[in-house]
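Reader: I would like a close look at a single part of this protein, the sheet and what packs around it. Please take the strands in turn and then add whatever the rest of the chain offers.

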Amino acid sequence: MTDPNAPTPESNRHFYDRIAGAYDLIADANERTAREAGVRALAPAPGEAVLELGFGTGNEVLDLAGLVGPGGKVAGIDVSPGMLAVANRKLAASPAKAPVDLRVGDARDYLRATDRRFDVIVSDLFVPWESETGSLYTVEHYRTARRRLNADGLFCQWLPVYQLGPEELHLIADSFAAVFPDVSLWWGHLDPGHPIIALIGSNGPLAADSGAVDRRLQRLWSIVPLDREIRTARDVSDLYLGHWRPRQPDRLNTDEHPRVEFLTPISQADRTLLYGEALRRYSDNVLARLPDRPPLSGPVDDAEGRRSRQRHALLGR
Ligand SMILES: C[S@@+](CC[C@H](N)C(=O)[O-])C[C@H]1O[C@@H](n2cnc3c(N)ncnc32)[C@H](O)[C@@H]1O
């Protein structure tokens with residue numbers, strides 16, 4: 001008799017199981033800069049509880065466990081047993097500093113079923129045109145995630161901008177902003193070929209004193225030596241892109257209307273996905289005009305300098 005829960009050859013789980021070993025090499029080479037930028041920008045504190053949706057080969061889980069320390073907790077959910085096996089091998093080779101609870105399953109089901117609360121939830125890059133992952137960009141999913149956050153918790157949604165057209169990026173950001181009162185955008189990869197942006201959602205405005213952020217980064221650096229590029233509050237501030245202003249709040253990405261899943265293949269066929277020249281235009285016409293409410297106070301932030309440094313990194317001019 002066949003197992004009704006066994007992955008079909010065309011399912012995501014089957015695909016990610018197949019690539020898990022090789023993905024480890026790709027993830028470390030391709031994602032390291034963005035991953036480390038994200039971990040720094042979120043700066044989890046000792047004792048906090050963190051959840052990663054789609055932990056993959058487990059690199060970020062290990063970094064996060066180092067930062068929250070023995071008093072904190074790290075949980076992760078990934079649909080692929082193959083990815084869990086790779087992550088477990090890493091944990092065995094280099095035991096985590098915090099209790100780590102990694103499980104196999106669908107991220108949405110996990111959030112719906114758990115009664116745990118988290119200080120930070122990180123949602124990894126999910127391929128937007130796959131039915132089993134596209135639903136991780138819906139209003140319903142974001143509502144569930146918000147209920148699982150502590151009052152001052154943060155939800156970080158990584159966006160694979162190079163797999164989205166402008167309309168899909170707006171649909172996701174509008175859906176996110178329909179749930180989280182404060183939505184800021186941060187660069188992960190300022191790379192015209194593989195741009196990555198984080199949406200950070202919270203219940204209230206993010207506000208941090210740059211002196212306190214400097215001190216916290218120094219402490220984080222001494223615990224987990226991550227990238228060399230983000231060492232000061234100024235470096236974090238330079239990743240801030242702007243705040244989201246909802247555009248079409250009555251046209252969202254929902255379970256009933258999974259617009260992102262259906263529109264991304266069209267953008268791909270029309271060659272309007274946001275990388276290269278399309279990204280350059282979008283950056284000038286939309287991203288550079290986002291409302292500017294920098295979360296870091298103090299002398300570190302000069303909006304003009306920040307935008308011109310971002311432009312230079314992205315466009316080379
Ligand atoms: C971009 S990869 C993560 C890479 C990870 N940062 C690393 O260092 O390996 C996305 C992950 O999401 C997982 N995934 C896809 N759909 C999922 C779902 N519905 N629920 C949970 N995980 C899912 C995949 O198995 C894959 O490991």
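Author: What follows goes through the sheet from one edge inward, then turns to the helices and loops.

The model is a predicted one. The protein chain has twelve helices and ten strands. Of its 317 residues, 45% count as buried. Among contacts in the chain with a separation of 6 or more, 79% are between residues 24 or more positions apart.

Eight strands form an open sheet in the order 3-2-1-4-5-7-6-9, and the pairing is mixed. Strand 3 and strand 9 (240–243) are the edge strands, each of them paired on one side only. From one strand to the next, the twist averages 15°.

At one edge, strand 2 (residues 73–78) and strand 3 (residues 100–104) run parallel and are joined by five bridges. The chain passes from strand 2 to strand 3 by way of helix 3 (residues 81–93), a β-α-β crossover that is right-handed. Two positions in strand 2 show how the pair lines up: Val74 is opposite Val100 of strand 3, and Ala75 has Asp101 of strand 3 as its bridge partner. Val74 and its partner Val100 belong to the edge pair, and the crossover helix also lies against the sheet: helix 3 packs on it and touches both strand 2 and strand 3. The direction of helix 3 makes about 160° with that of strand 3.

Further in, strand 4 (118–123) sits between strand 1 and strand 5 in the sheet order. With strand 1 (residues 49–53), strand 4 runs parallel, and four bridges join the two. Strand 4 also pairs with strand 5 in the parallel sense, over five bridges. Val122 of strand 4 takes part on both sides: it is the bridge partner of Glu52, and it stands opposite Cys156 in strand 5. Strand 4 is mostly covered, with six of its six residues buried.

Which residues of helix 6 are buried? In helix 6 (residues 139–147), the buried residues are His141, Tyr142 and Ala145. Viewed down the axis of helix 6, these buried residues fall within an arc of 95°, so they line one face of the helix. What do the buried residues of helix 6 pack against? Their partners are two strands, strand 4 and strand 5 (149–160), and two helices, helix 4 (107–113) and helix 7 (166–177). Strand 4 therefore meets the buried residues of helix 6, and the buried face of that helix is the one within the 95° arc.

Two backbone details remain, in the later part of the chain. Arg271 is in the loop between helix 10 (259–269) and helix 11 (276–285). Its phi is positive, about 55°, although Arg271 is not a glycine. Is Arg271 buried or exposed? Arg271 counts as exposed because it has 10 C-beta neighbours inside 10 Å, and the cut-off for exposed is 12 or fewer.

Helix 12 (residues 303–315) has 13 residues. From its first C-alpha to its last, helix 12 reaches 18 Å, close to the 18 Å expected at 1.5 Å a residue. Gly316 follows helix 12, and the phi of Gly316 is positive, near 70°.

How values were computed:
Residues are numbered from 1 along each chain as its sequence is written. This is a predicted model: local features need pLDDT of at least 70, side-chain atom pairs count only at pLDDT 80 or more; totals for chains, interfaces and linings use all residues. A residue is buried if 20 or more other C-beta atoms lie within 10 Å of its own, exposed if 12 or fewer, and partly exposed in between; C-beta atoms are placed from the backbone. Two strands pair if DSSP finds at least two bridges between them. A crossover is right-handed if, with the strands pointing away from the viewer, the path from the first strand over the helix to the second runs clockwise. The expected span of a helix is 1.5 Å times one less than its number of residues. Two residues are in contact if their C-beta atoms, placed from the backbone, lie within 7 Å. Axes are lines fitted to C-alpha atoms, for helices over the stretch in contact, and angles run from 0 to 180 degrees between N-to-C directions. The arc is that of the directions from the helix axis to the C-beta atoms.
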